[in-house]
Amino acid sequence: MKITAGKADGFIKNPPADVRCILIYGPDQGLVFERSKALASTVLDDLNDPFNSVVLQASDVKSDPAIVADEAAAMSLTGGRRFIRIQDAADALTSAFKNYLEDPIGDAIIVLEGGDLGPRSTLRKLFEADKSICAALPCYGDEGRNLSEVVRDTLQKHGLSADRDAMGYLLNHLGSDRQVSRGELEKLAIYMGDETTVTMEHAMACVGDSGAFSLDNVTMAAASGDHAALETALLRCFDEGNQPIMILRMLARHFHKLHLAKGHMQKGLNIDQAMAKLRPPIIFKQAPAFKKQLGSWDLARISMAMDILTEAESDCKITGNPPETVCSRALMRISQAARARR
């Protein structure tokens with residue numbers, strides 16, 4: 001059974017009684033873990049129950065495929081259903097689960113926690129095709145309304161709210177990983193002390209450390225065609241441990257915003273009106289540069305830049321070339337394209 005991203009939260013809150021094998025996958029590993037934990041809570045009173053909670057690694061299943069059926073069929077010593085987590089799930093487990101699904105004994109809930117499995121993944125295809133006891137649901141980085149809800153809900157639990165500029169900043173600097181986002185917001189809540197309204201100054205002081213600022217510098221330098229600033233910011237990003245794919249995706253989100261704004265302008269809005277429609281809004285410190293970029297990038301070239309970024313992410317995963325080199329070349333191509341129209 002294939003569960004779309006939009007229906008994933010509803011599925012997690014109320015999983016069908018007949019679904020016993022669930023593949024949770026995607027680039028947001030924090031969200032994968034959070035949803036796996038939420039599913040466990042529908043079965044277990046204690047997530048660390050030594051009798052009913054089992055954690056396996058993908059390597060365990062690969063070396064002993066029968067372990068899936070053995071654990072699923074095992075009787076609980078204390079009653080209730082057993083919950084089996086399989087971490088680092090990937091296509092190497094497809095054969096084991098094909099065999100298990102031929103005779104899925106037991107009533108245990110089996111959750112596979114996978115990475116970013118593409119449409120061609122054999123494990124993902126297996127779980128999507130089975131309409132009886134299997135389900136596959138994706139976990140992508142929070143954005144738009146989903147991210148707004150995560151931020152607001154987390155802040156409200158601490159009696160906090162954020163003003164417009166602070167919310168815009170938070171939405172621009174969070175979202176790639178659910179656990180990281182919640183951790184940053186928890187840190188912000190502690191930082192606030194007795195104050196109840198998060199301002200831009202609070203957000204900048206606590207969320208998005210120097211690493212985030214370096215990512216911002218990379219994004220703005222590449223889209224503005226500033227080679228020197230891009231080289232400096234990119235080297236700093238790599239030194240701070242930022243992954244090339246994360247950098248590529250952040251720049252892709254930036255060009256997606258440019259694309260949306262240009263679309264609004266084609267419908268008759270001026271630059272300021274088009275920028276005002278963007279969600280999350282462009283933070284005030286980046287607004288002048290973003291406005292200038294809207295004047296120099298047309299829709300065709302924005303699409304070209306997005307194609308370059310998509311191709312670079314794919315190359316990082318499959319070519320074997322150093323990801324840092326692939327990322328650097330892609331960003332320099334985009335910077336060169338920006339310089340050509342300045």
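The exercises below, each with a worked solution, concern a predicted model of a single chain.

**Exercise 1. The chain as a whole**

State how many helices and strands the chain has, what box its C-alpha atoms fill, and what share of its residues is buried.

Solution. Begin with the secondary structure, which comprises 17 helices and seven strands. Next, take the extent along the principal axes, where the C-alpha atoms fill a box of roughly 70 × 50 × 40 Å. Then turn to accessibility: of the 342 residues in the chain, 46% are buried. Finally, consider the contacts between residues at least 6 apart in sequence, of which 77% join residues at least 24 apart.

**Exercise 2. The five-stranded sheet**

Determine the strand order of the open sheet, and explain which strands stand at its edges.

Solution. The order of the five strands is S2-S3-S4-S1-S5, and their pairing is parallel. Strand S2 (53-57) and strand S5 (134-138) each have a single partner strand, so one side of each is left without a neighbour in the sheet, and these two are the edges. From one strand to the next, the twist averages 15 degrees.

Two of the pairings can then be followed in detail. Strand S3 (residues 83-89) and strand S4 (residues 109-114) are joined in the parallel sense by six bridges, with Ile84 standing opposite Ile110 in S4. Helix H5 (residues 94-102) packs on this sheet and touches strand S1 (21-25), S3, S4 and S5, while its direction makes about 160 degrees with that of S4. The other pairing is that of S1 with S5, which run parallel and are joined by five bridges; here Ile22 has Ala135 in S5 as its bridge partner.

**Exercise 3. An edge strand and its surroundings**

Is strand S5 enclosed by the rest of the structure or left open to the outside, and which residues lie on each of its faces?

Solution. First count the buried residues: five of the five residues of S5 are buried, so the strand is largely enclosed by the rest of the structure. Then separate the two faces, bearing in mind that in a regular strand the side chains alternate between the two faces of the sheet. On one side are Cys134, Ala136 and Pro138, and on the other are Ala135 and Leu137, with both faces covered. The position of S5 at the edge of the sheet concerns its strand partners, whereas the burial of its residues concerns their accessible area.

**Exercise 4. Two crossing helices**

Describe the geometry and the composition of the contact between helix H2 and helix H9.

Solution. Two packed helices are described by the angle between their axes and the distance between the axes. For H2 (residues 29-41) and H9 (residues 178-192), the axes come within 5 Å and cross at roughly 90 degrees. With 65 to 115 degrees counted as roughly perpendicular, H2 is therefore roughly perpendicular to H9.

For the composition, list the residues: Gly30, Leu31, Phe33 and Glu34 in H2 meet Arg178, Gln179 and Arg182 in H9. Sorted by class, the contact has two nonpolar, two polar and three charged residues.

Ser181 also lies in helix H9, and its relative accessible area of 1% makes it buried. With neighbours within four places in sequence left aside, Ser181 is in contact with Leu174 and Gly175.

**Exercise 5. The nonpolar cores**

Identify the residues with the most contacts inside the largest nonpolar core, and the elements that give two or more residues to this core.

Solution. The largest core has 37 residues, and Ile247, Phe255 and Leu331 are those with the most contacts inside it. The elements giving two or more residues to this core are H11 (210-224), H12 (227-239), H13 (244-266), H14 (271-276), H15 (287-296), H16 (299-318) and H17 (323-339). Not counting residues up to four places away in sequence, Ile247 touches Leu215, Val218, Leu234, Cys237, Phe238, Asn242, Cys327 and Leu331. Another core, of 28 residues, lies apart from it and includes Ala72, Ile86, Leu112 and Leu123.

**Exercise 6. Two individual residues**

Classify Asp88 and Gln286 as buried or exposed.

Solution. Asp88 lies in strand S3 and has a relative accessible area of 57%, so the residue is exposed. Its phi is near 60 degrees, a positive value in a residue other than glycine, although most residues other than glycine have a negative phi.

Gln286 lies in the loop between H14 and H15 and, at 14% relative accessibility, counts as buried. With neighbours within four places in sequence left aside, Gln286 is in contact with Asp216 and Met220. The C-alpha atoms of Gln286 and Ala73, 213 residues apart along the chain, are separated by 57 Å.

Conventions
Residues numbered from 1 in each chain as written. Predicted model: local features only at pLDDT ≥ 70, side-chain atom pairs only at ≥ 80, totals over all residues. Heavy atoms only, no water. Pairing = 2+ DSSP bridges. Helix = DSSP H or I, 4+ residues; strand = E, 2+ residues; numbered from the N terminus. Axes fitted to C-alpha atoms, helices over the stretch in contact; angles between N-to-C directions. Contact = heavy atoms within 4.5 Å. Parallel < 35°, antiparallel > 145°, perpendicular 65-115°, else oblique. Nonpolar A, V, L, I, M, F, W, Y, C, P; charged D, E, K, R; others polar. Core = buried A, V, L, I, M, F, W, Y, C linked by side-chain atoms within 4.5 Å. Buried < 20%, exposed > 50% of the residue type's maximum accessible area, 1.4 Å probe, protein only.
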